[in-house]
Amino acid sequence: MMAWAASDAARQALLSYLFAFLFLCGLSVGSLALMMVHVLTGGAWGHLIRPYLLAAARVLPLLAILCLPLLIGASLLLPVQTWYLNPTFFRLRAVAYFGLWLLLLAILQRRLGAADRLPRVAAPGLIIYAVTATLAAVDWAMSLLPHWHSTVLGLMVACGWTLSAAALATLCAACSSVTRGTSPDLFKDLGNLLLVLVLIWAYLAFMQYLTIWIADLPAETAWYIPRTLTSWRVVAWFLITFHFLIPFAVLLSRHAKEQRRVLAGVAALLLIAHLVDALWLVVPDIRSAGLALRWTDLAAPIGLGALWLLVFLGRLRGMEGAYG
């Protein structure tokens, strides 16, 4: 009995670690993707937030190290199957994801001064991001319920990662003294970027739910049953309200998007909502009886988040001095 209790405690702690890691991974990998988007689309908004995107992306080596507990404890969370969810293959894929992300980061950093060569990296880089983020979402979220599958979840996670990165960079830019005097039009552009990403995320989430609801197949509804028919539904309504409705309503206003304080508030709200979304994606698969939070659900994001923030600020130091 004591051995079982210890094993369950370790499993629950690793579950908390997983959702916190998933959130922080999105901040760094999403920043990498957003830099590549700006390379292809252009616009002054990208130059405004580039220092923050680059600093966040440069935390990737730390996240590669923080992934080790998940790789070591994979057997505690992963329902072992014959080939794809085999722990060894699971670990190899995680190494491949971080290897590709770190390679993209290294190439982008080396070519930042050669604007004409960047699109050659950014175009295939975004394809690599879409594929690796989708597969990572399958491994780190969908695999907890291996008999359930969705062709949308991976794209939804990839979009959510980009949204959280944009929210972080917007929050930093709106609160920084370095950007005082910046044209309100640039903040309006950032608000438009957040609005587009919020709409894409909400569309993907709704279409996944609608498709599964229409089909009404037990193998597909298994993911939504604990999330909508138990007390976890409170979290679902929280996400609908704070990850979509309120940001959408505020960001429709041009005046609101030009106000730094309002935009900073929306960005902060989106970051909090995205952390809750990471919890909602991961935890109900194991705690399916209803909303049941553990102390580790608070300790993991605070501990890992503080470590991520410390490295982020260290990477950012000196970059704002070269702003402009």
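Let's start with overall size. For 324 residues, a compact globule would have a radius of gyration near 20 Å, and this protein has 20 Å, so the two agree. Keep in mind that this is a predicted model. Along the principal axes, the C-alpha atoms fill a box of roughly 60 × 40 × 35 Å.

Now the fold. The protein has 15 helices and zero strands. Half-and-half on burial: 50% of the 324 residues count as buried. Contacts reach far along the chain. Take those with a separation of 6 or more; 83% of them join residues 24 or more positions apart.

On to the core. The largest nonpolar core holds 112 residues. Which of them touch the most other members? Those are Phe21, Leu32, Ile49, Trp101, Trp140 and Trp161. Helix 1 gives the most to this core, with 18 residues.

Look at Trp101 for a moment. Leave out residues up to four places away in sequence. Trp101 then touches Cys25, Val29, Leu32, Leu60, Thr132, Ala133, Ala136, Trp140 and Trp161. Among these partners are Leu32, Trp140 and Trp161, which also stand on the list of core residues with the most contacts to other members.

For contrast, go to Val95. Val95 is found in helix 6, residues 87-111. Is Val95 buried or exposed? Val95 is exposed, because its relative accessible area is 54%, and the cut-off for exposed is over 50%. Val95 and Leu68 are 27 residues apart in sequence, and their C-alpha atoms are 9.7 Å apart in space.

Next, empty space. Rolling a probe the size of a water molecule over the atoms shows where such space is left.

Begin with the enclosed kind. There are three cavities of 30 Å³ or more. The largest cavity has about 90 Å³ of space. What lines the largest cavity? The residues are Leu14, Leu18, Leu70, Gly73, Ala74, Leu77, Leu78, Phe90, Asp139, Trp140, Ser143 and Leu144. Nine of the lining residues are nonpolar, two are polar and one is charged. Helix 1, helix 5 (74-77) and helix 7 (118-140) each supply at least two of them. Note Trp140 here: it lines this cavity, and it is one of the core residues that touch the most other members.

Now the open kind. The largest pocket holds about 520 Å³ of space. It is lined by 19 residues, and the closest to its centre are Ala205, Tyr209, Ala236, Ile240 and Trp280. Where does the lining come from? Helix 9 (184-215), helix 11 (225-228), helix 12 (233-251) and helix 14 (260-282) each supply at least two residues. By class, 14 lining residues are nonpolar, two are polar and three are charged.

The second largest pocket holds about 320 Å³. Of its 18 lining residues, Phe23, Leu24, Leu27, Leu168 and Leu271 are the closest to its centre. Helix 1 (2-41), helix 8 (153-175), helix 14 and helix 15 (296-316) each give two or more residues to this lining. Which helix gives the most? Helix 15 does, with eight residues. How many of the lining residues are charged? None: 17 are nonpolar and one is polar.

One thread to finish on. Helix 14 supplies lining residues to the largest pocket and also to the second largest pocket. Helix 1 serves the second largest pocket, the largest cavity and the largest nonpolar core.

Technical notes: Residues numbered from 1 in each chain as written. Predicted model: local features only at pLDDT ≥ 70, side-chain atom pairs only at ≥ 80, totals over all residues. Heavy atoms only, no water. 1 Å grid on protein atoms, 1.4 Å probe; cavity = no way out; pocket = protein on both sides within 12 Å on 5 of 7 lines; lining within 4 Å. Points joined across faces, edges and corners; volume = space filled by probe spheres on them. Helix = DSSP H or I, 4+ residues; strand = E, 2+ residues; numbered from the N terminus. Nonpolar A, V, L, I, M, F, W, Y, C, P; charged D, E, K, R; others polar. Buried < 20%, exposed > 50% of the residue type's maximum accessible area, 1.4 Å probe, protein only. Core = buried A, V, L, I, M, F, W, Y, C linked by side-chain atoms within 4.5 Å. Contact = heavy atoms within 4.5 Å. Rg over C-alpha atoms; globule rule 2.2 N^0.38 Å.
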